[in-house]
Amino acid sequence: MLGGGVDRHSVSVVMGPAGSGKTTAGLQFLFGGPPEEPAVHFGFHENPMALMVKARALKLPIDARKDKLHFLWRPQTEAILDEVAKELLSALKQFGARRLVIDGIEGFAKLTDERERVTAFLSALCNELRAQGVTTLATAETDHIGVIPGQPLAGVTPTGLSPVAENIIALRLAPLRSETHRLITVLKARDRKTDMRMRRFEILDGGIALDEDYGRAESILRDITHQSDDPKLPSADPRLTGE
């Protein structure tokens, strides 16, 4: 889908709503390098213990890689923008890390009242990561809007991230009757010939597992379009809708 994969020293952003698989994608990337390669996970939300529990649940080799993986957690209430960036870059140099996950890159914007600084700050940070030889995967949360018929990318707004990232990937939740499907698409891959067609994926042992082609995703999107016209579906309870 990315036209060959992720380049070294590049920045990739995985966008999606809560529960779509962003943190799983980050952990899968973190463990995807050579066993001897140091890697850092930096986040504002989940603490290191919670991430280790999640990694074990995914059957990722957390215990075998413990000496090479470093988890940094900085709650937004206890951080200042420039100090956090300095701490992150220093940690990467100290550990000799060549692989970085930033879980919740939008968290940097909440560390300053100067909103106009954020895009320039992220651009400078990503340039420094490239200069240090670090390959980065960052996650970003989007609105929790399900797939809307005819508008499968509604709610995805990569504004501000496109200038700093070589690759942008979107994860979507697609409710279809009683089941919610996970879909993935590539929004951008710089200087690459990409396959932007959506694919369905599941989260299994080891992380995200993509369908081999776009067939099931296309069927799901088609069924969602027809779902609203199905006379057999029960109508909404007016006591719940306020009508």
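Here are a few exercises with worked solutions on this predicted model.

**Exercise 1: the overall fold**

Work out how many helices and strands the protein chain has, and what share of its residues count as buried.

*Solution.* Start with the secondary structure: there are six helices and nine strands in the protein chain. Next, look at burial: 47% of the 243 residues count as buried. Then turn to the contacts with a separation of 6 or more: 72% of them come from residues 24 or more positions apart. Finish with the outside: the chain's accessible surface is about 12,800 Å², and carbon and sulfur atoms hold 51% of that.

**Exercise 2: the nonpolar cores**

Find which element gives the most to the largest nonpolar core, and which residues touch the most other members.

*Solution.* First, pick out the hubs: in this core of 34 residues, Phe42, Leu92, Leu100, Ile102, Ile105, Phe108 and Leu122 touch the most other members. Now map the core onto the fold: β1, β2 (39-43), α3 (81-95), β4 (99-103), α4 (118-131) and β5 (135-141) each give two or more residues to this core. The top contributor is α3, with seven residues. Don't stop there, though: a second, separate core has 24 residues, including Val14, Ala25, Phe29 and Leu171.

To zoom in on one hub, take Ile102. Skip its neighbours within four places in sequence, and Ile102 is in contact with Phe42, Leu88, Phe108, Thr136, Leu137, Ala138 and Thr139.

**Exercise 3: the largest pocket**

Describe the lining of the largest pocket by residue, element and class.

*Solution.* Begin with the space: the largest pocket holds about 400 Å³. Then go through its lining of 16 residues, where Leu2, Ala25, Leu137, Ile169 and Ile184 lie nearest the centre. By element, at least two lining residues each come from β1 (11-16), α1 (22-30), β6 (167-176), β7 (179-189) and β9 (207-210). Of the elements, α1 gives the most, with three residues. Last, sort by class: the lining has 13 nonpolar residues, three polar ones and no charged ones.

**Exercise 4: threonine 135**

Is Thr135 buried or exposed, and why?

*Solution.* Locate the residue first: Thr135 sits in strand β5. Its relative accessibility is 11%, and the cut-off for buried is under 20%, so Thr135 counts as buried. Now check what is around Thr135: leaving out residues up to four places away in sequence, Thr135 touches Val6, Asp7, Arg8, His9, Ser10, Phe29, Arg98, Arg99 and Leu100. One more distance to try: Thr135 and Ala97 are 38 residues apart in sequence, with 9.1 Å between their C-alpha atoms.

Key. Residues numbered from 1 in each chain as written. Predicted model: local features only at pLDDT ≥ 70, side-chain atom pairs only at ≥ 80, totals over all residues. Heavy atoms only, no water. 1 Å grid on protein atoms, 1.4 Å probe; cavity = no way out; pocket = protein on both sides within 12 Å on 5 of 7 lines; lining within 4 Å. Points joined across faces, edges and corners; volume = space filled by probe spheres on them. Helix = DSSP H or I, 4+ residues; strand = E, 2+ residues; numbered from the N terminus. Nonpolar A, V, L, I, M, F, W, Y, C, P; charged D, E, K, R; others polar. Core = buried A, V, L, I, M, F, W, Y, C linked by side-chain atoms within 4.5 Å. Buried < 20%, exposed > 50% of the residue type's maximum accessible area, 1.4 Å probe, protein only. Contact = heavy atoms within 4.5 Å. Areas by Shrake-Rupley, 256 points an atom, 1.4 Å probe, with all protein chains shown as cover.
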